[in-house]
Structures are given as C-alpha cells and as structure tokens.
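Trainee: I have a protein model open, and I would like to learn how to read the places where chains meet. Could you walk me through it?

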Amino acid sequence: MEEFLNMGGYAVYVWPSYGLTALFMIALTLSSLHTLSKRKRQLAELEAKRPPRRAPRTAQPQTAQPQTAPTQTAQESSSS
Amino acid sequence: MHRFANPARFLRIANALLPWLTVGTVACLGIGLYMALFASPPDYQQGETVRIMYVHVPSAWMALFIYVFIAIASACSLIWRHPLADVAAKAASPIGAGFAFLTLVTGSLWGEPMWGTWWVWDARLTSMLVLFFLYLGHMALMGAFEEQSRGYRAAAVLALVGVINIPIIKFSVDWWSTLHQPASVIRLDGPTIDPSMLWPLLIMGLGFKLFFATLLIVRMKSELMAARVRALSLAQLRNA
Amino acid sequence: MTLKKVIARDLRLALRQKTDAATVVLFFALTAALFPFAIGPEAAILLRIAPGVIWVTALLSVLLSLERLFLADFEDGTLELMFLSSLPLELVVFGKVLAHWLVSGLPLIVATPLIAILYGLPFAALTVMLPALLLGTAALSLIGAIGAALTIGARRGGILVPLLVLPLYIPVLIFGIAATDAGISDGAIKAPLMILSALLLGMLFVAPLASGVALRQALE
C-alpha cells in the first residue's frame, strides 16, 4: 500500500495529475447539474406566471401542450 | 439529421439515453482507472510516471475531438441554421477548454520528472496551448453579446476560422520547434506501446468520450431551458 | 459606392487625424527602443532578439488600431449604407482593410531602418525584412479584420479582439521572423517568404469572406 501511494517516488506528480482530472470532471458535472436544476426552477416559475393556454382560440383540436411548447422554443430562439 | 432538429424530440431521445450514458461513463472510467493504477506495469524507462499518460493522452484526444465537434456544429449552424447546433457548440466549449487545460497541466507534471522542466516549448504542447486560447476566445465570444443569438453566430464563425487555421498553426509550430530543437530529442510517448498499456489507455479514452457525451446532454438541456427562459421573460416583459 | 470610394473615404478619415499614422509609428519605435533598457545593451543579445522584437511590436501596433476598423462606421450607420449599396460586403471589407494597412502597417516600414540601427542589424538584412514586414503586416490587418467584425456590439470588444486574433497571428509571426532571421544570417530566405506570401493570399480570400459573414450578423 505504501509503495502504491508512493508511486516509485513520483507520487507528487502522479497523484495531482489524477486528482486534477477527477476534480475537473466532478466539478464540471456538479456545476452543470446545478445549472440544470436552476433553469428547471426558473422555467417552472415563469410557466406558472403565464396565463393558462388551455382554451383553444379557434375550433381546432387541441394539441398536447408539451409538444407545442418546445417546438415554439425552437422557433422563438432561432428567430431571436 | 433533421429528424433530430426538433428540440422536443432531441430531449426525448436525450433523456432516454442519459441513464445508459451515465452508467457507461462510470463503468468505463472505473475499469480504466483500475487498470491504469493497478493492473498495468510501470514503464521500463519512465517508471510510475507513465501512469500520467492514462489521463494526459485521453485529455489531449478529447481537447482535439471536441474542437472538431464544435467546428462541425458551427458549420451546421451557419449553413443549415440547425437549431440544436448552436446549443451543442455552447455546451461543448467549456468541456473542451477544460480538457485542453488538463492536457497542459498533466503534461507539465509528466514533463518535470522526465525532462527536468515544468514547461517545454515542444511542438505538441505549444499547439495545445494555442488550442486552449482558441477555446477561451470561443467561450468569451459566446457570452459577449446582450442577444444570445448574436453570440451563437459570431462564435460559429470564429470556430470555423479557427479550424481552418489549426492545421496551419500546427504546421508553423512544428516547423518552428524543429528549428529551435535542443540537442536531446524529447519524446512524449515512449517506444511502441505494449498491449498491457494500450488497453488501459483505450478504455480511459472511451470513458472520457462517454463522459463528454453525458455532460454534453446535461448542458444542452440547460441551454435549451435557458433559451426558453429568455423567450418567456421577454414575452412577460412585453405583456406587463 | 465603389471600392475606390470606400478606400478613399477611409484614408481621408484616417489622415484627417494625422496623429493616427504617426502614433502607430511612434508606438512601434518607442516600444522597440524599450527593450535594450530592459535587457541590457549587449550587442550579441540585441542582435539575437531584434527580429522577435520588431515583429512582436509590429503585431501589437497593427492590433491596437483594429478596433476602429468597423466600429465608427457601424455606429453612425455608414456600414449599413455600404451593406445596402451595390458593392458586395466582402469588397467593402477589402477596401477598409487596405486603407487600414496603408495607415497602420505600411508606415512601420519607415521606422524599421531606425530600429535596425538601434539593434545593430546589418543593412543587408533590411532587403529581406522590409518585404517580409510588408507581407506580414498586410496579413495581420486581414486577420485582424475578422476579429474586429466579430466583436461589433460586443461588451468589452476592445479586449476581446486580441484574445480572438492572437492565436491566428502565430503562423504569420513564426514565418515573418524566420524570414528576417534568414536575412540576417544569410540563410534560406525563399521558403519562409513564400509561406508568408501563401498566408497572405489565403487571408485575402478567407478574411473578407469571414468578415462579411460577421458584419451581416451585426447588421441584422
């Protein structure tokens, strides 16, 4: 075990290499997940505030809301 | 390709893939790590420092691979106005920058015991340094505009100009490096690589790729939501 | 709106503030003159660093004057007029870059012999260094135009341009200095000069194209 940790005397080079790699991967993952949950919350708040779009404006059959909302996003964000 | 252009469809596929990718990433990295640290031999010449190769080389592979990925996404964005391409480029850039940085740092940590110096203006390290700056420029440009769509498109142009220049830069740096080559030839890898070292390297490489794919999807989901948040905020401001 | 008009207008505006061209040359000469104070007057060392100093300071001189390339015209609406005119945007870019180079790149040639004296360079070296600087500064202006076009309307655009453009400058720098070194040591000047020319030709094609795309993004 001692020998393994010592890495033939090169411990101060090998372990920081692996450590920094792990640190980067874990930190970026946590940061990305945190941003994701933050956006989910923001989105939920904003969607709660907007007036419900249940009633169709014309006599057309109502399409399922989850379908229309994201496609609208695509159009909105590509035209913005 | 355009079947996946619909963000809703992308989200469905992405959400289905995510658990598998996560499991795959953890498994590959776990096995790779075990093989890199325990189940592979030390090098005849370099001793235990050769184990740094198992994080250094896959990082370098990812830094290059992700830039090409961004260049392709940028082309899709500019030529076909593919709505997901911009999102993909923005999501991928920090991951690539991080791997470029890791390549440089682990390269230094490998170089110090091997060559006795923390930095060497070796052609490959120097090119990686330039690539790191290209990533930083891309990230800076993405975030430099009030209107995100301007950032997307400017960064796409920059990425394409960059990718054209990368072979030129690599060629120049190689040329410059051989001109100023010190007497001893520095070799980053050892002699031809033995299977007992190749397998850990490949598995770590695969693990890093899966990590990228997993994290990319998470970040793309965030960015798609951010776009929706921007659109909704704007609409509410107008209606208020 | 013709190409000639674009170039003439930019030149007129630049030369109206006569200080601009003079400032660029002064910056170039003064910065190059700083190094001996920093490093010491030992002739052998100065000779060794001279090509590097000249090229890096030339690069910085070109870089410093890039921000103005499109910004003023964008802000007062002239760029939009040019966009709407019959002249292709790529030619507008070419015209503006040419004017920029005439004011910020070409004048450096004037200061170079002076710097050669300060660093003890053999005069024969100038026969290679001056053409190399002409080719190189032209390429640097072109590459810089891409950076300037991309950052119109960006926050902190001034700092952003060097960050974007410096990695792309490296090949020009490497081969420009190589040509200069060869000129000093009587080595192979043809290869680096040809590569420098190739880089310039490549940029003559790529830069107006990329800048045009970037300008259209800014104008939409």
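**Reading the chain contacts**

Mentor: Happy to! Across the interface of chain B and chain A, five residue pairs are in polar contact, with both residues at pLDDT 80 or more. That pLDDT cut-off matters here because this is a predicted model.

Trainee: Which helices of chain B give two or more residues to the side that touches chain A?

Mentor: They are helix H1 (7-37), helix H2 (53-80), helix H3 (83-115) and helix H6 (195-239) of chain B. H6(B) gives the most to this side, with 17 residues.

Trainee: And how do the residues on that side of chain B divide into nonpolar, polar and charged?

Mentor: There are 29 nonpolar, nine polar and eight charged residues on the side of chain B that touches chain A.

Trainee: How many salt bridges does the rule find between chain B and chain A?

Mentor: The rule finds one. The partners are A:Glu47 and B:Arg228, and their closest N and O atoms are 3.1 Å apart. This pair counts because the rule accepts a side-chain nitrogen of Lys or Arg within 4 Å of a carboxyl oxygen of Asp or Glu.

Trainee: What about size? What area is buried between chain B and chain A?

Mentor: First the general idea: the size of an interface is often given as the accessible area lost when the parts come together. Between chain B and chain A, that area is about 3,700 Å², and carbon and sulfur atoms give 75% of it. B:Met225, B:Arg228 and B:Gln236 supply 16% of the area that chain B buries against chain A, more than any other three residues. You have met B:Arg228 already, in the salt bridge with A:Glu47.

Trainee: How many residues of each chain are in contact there?

Mentor: In that interface, 46 residues of chain B are in contact with 38 residues of chain A.

Trainee: Which pair of chains has the most contacts?

Mentor: Two pairs of chains touch, and the most contacts are between chains A and B. Chain A and chain C do not touch, and their nearest C-alpha atoms are 11 Å apart.

Trainee: Then let's turn to chain B and chain C. What area is buried between them?

Mentor: About 2,400 Å² is buried between chain B and chain C, with carbon and sulfur atoms giving 72%. For polar links, the rule finds two salt bridges across this interface. One of them joins C:Glu220 to B:Arg153, with the closest N and O atoms 2.7 Å apart. Eight residue pairs are in polar contact between chain B and chain C, both residues at pLDDT 80 or more.

Trainee: Which elements of chain B give two or more residues to the side that touches chain C?

Mentor: Helix H4 (123-142) and helix H5 (148-179) of chain B do. The largest share, 15 residues, comes from H5(B). By class, this side of chain B has 19 nonpolar, six polar and four charged residues.

Trainee: How can I look for empty space, and how many cavities of 30 Å³ or more does the search find?

Mentor: Rolling a probe the size of a water molecule over the atoms shows where empty space is left. In the whole structure, the search finds one cavity of 30 Å³ or more, with a volume of about 40 Å³.

Trainee: Which residues line the largest cavity?

Mentor: The lining includes B:Asn165 and B:Ile168 from chain B, and C:Leu168, C:Pro171 and C:Val172 from chain C. H9(C) gives the most to this lining, with three residues. The lining residues divide into seven nonpolar, one polar and no charged.

Key
Residues numbered from 1 in each chain as written. Chains lettered and ligands numbered in written order. Predicted model: local features only at pLDDT ≥ 70, side-chain atom pairs only at ≥ 80, totals over all residues. Heavy atoms only, no water. Contact = heavy atoms within 4.5 Å. Buried area = accessible area lost by both parts, 1.4 Å probe. Polar contact = N/O pair within 3.5 Å; in protein donor to acceptor, adjacent residues only side chain to side chain. Helix = DSSP H or I, 4+ residues; strand = E, 2+ residues; numbered from the N terminus. Nonpolar A, V, L, I, M, F, W, Y, C, P; charged D, E, K, R; others polar. 1 Å grid on protein atoms, 1.4 Å probe; cavity = no way out; pocket = protein on both sides within 12 Å on 5 of 7 lines; lining within 4 Å. Points joined across faces, edges and corners; volume = space filled by probe spheres on them.
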